[in-house]
Amino acid sequence: ANDRETSEQRLIEVCELLQSSIGYYDWVGFYFANEAERTLHLKAFAGEPTEHTVIPFGKGICGQVAESNANFVVPDVKAQNNYIACNLYVKAEIVVPLFKDGVNIGQIDIDSHIADPFSIEDERFLEWVNEKVALIL
Ligand code: SME
């Protein structure tokens, strides 16, 4: 139980660091999969609280990444028909899967209030963050 508290606390610190240091990262969270239920569960975040703490596989950008195992960059959320709105200010989103021992166990999800802010640099950076996070889980 203590180990679990520690990893959750570290995840929150990662979210807070990213959200406070990168201007266009307005909301940063980690969702983790429950494979039996086929749902994603919000484990840590920084930014405004969201109602969407449990997301079924296949629903929204997050749910699609749970099934595709691939990065999903959304320059304009209004152009997506399978999208779950958390906050009316959100214009763009990036979701990058988190792999442990080659298995997609969750994801980092970032919302931005800026239109089309995410580049390949963000993808590479967030892949690196997730590799490091996998080591503390
Ligand atoms: N927009 C996400 C839902 C999670 S909120 O961004 C925190 C989606 O469409 O999956």
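How many helices and strands make up the secondary structure of the chain? There are three helices and six strands. The model is a predicted one. Along the sequence, the elements follow the pattern α-β-β-β-α-β-β-β-α.

Start with overall dimensions. Along the principal axes, the C-alpha atoms occupy a box of roughly 40 × 35 × 25 Å. The radius of gyration is 14 Å. A compact globule of 137 residues would come near 14 Å, so the chain agrees with that expectation. Buried residues account for 30% of the 137 residues. Contacts also reach along the sequence. Of those between residues at least 6 apart, 48% join residues at least 24 apart.

Now turn to β6, which spans residues 103-112. Is this strand enclosed or open? Seven of its ten residues are buried, so β6 is largely enclosed by the rest of the structure. Two strands pair with it. β5, residues 92-100, runs antiparallel to β6 and is joined to it by nine bridges. Within that pairing, Pro97 stands opposite Gln107 of β6. The two strands form a hairpin, with two residues between them. Asp101 sits in the turn and has a positive phi of about 50°.

The other partner is β1, residues 27-34. β1 and β6 are also antiparallel, joined by six bridges. Here Val28 has Ile110 of β6 as its bridge partner.

Next comes α2, residues 60-68. Its buried residues are Gly60, Ile61, Cys62, Gly63, Val65 and Ala66. What do they pack against? The buried residues of α2 meet β1, β2 (39-46), β3 (54-56), β4 (72-74), β5 and β6. Just after the helix, Asn69 adopts a positive phi of about 60°.

Finally, the ligand. Which of the 15 residues around it come nearest? They are Gly60, Ile61, Cys62, Ile84 and Cys86. Three elements give two or more residues each to this shell: β1, α2 and β6. α2 gives the most, with four residues. By type, the shell divides into seven nonpolar, five polar and three charged residues.

These threads meet in α2. Gly60, Ile61 and Cys62 are among its buried residues, and they are also among the residues that come nearest the ligand. β1 and β6 contribute to the shell as well, and these two strands are joined to each other by six bridges.

Methods: Residues are numbered from 1 along each chain as its sequence is written. This is a predicted model: local features need pLDDT of at least 70, side-chain atom pairs count only at pLDDT 80 or more; totals for chains, interfaces and linings use all residues. A residue is near a molecule or strand if its C-beta atom, placed from the backbone, lies within 6 Å of it. Ala, Val, Leu, Ile, Met, Phe, Trp, Tyr, Cys and Pro count as nonpolar, Asp, Glu, Lys and Arg as charged, and the others, Gly among them, as polar. A residue is buried if 20 or more other C-beta atoms lie within 10 Å of its own, exposed if 12 or fewer, and partly exposed in between; C-beta atoms are placed from the backbone. Two residues are in contact if their C-beta atoms, placed from the backbone, lie within 7 Å. Two strands pair if DSSP finds at least two bridges between them. The radius of gyration is taken over C-alpha atoms; the globule rule is 2.2 Å times the number of residues to the power 0.38.
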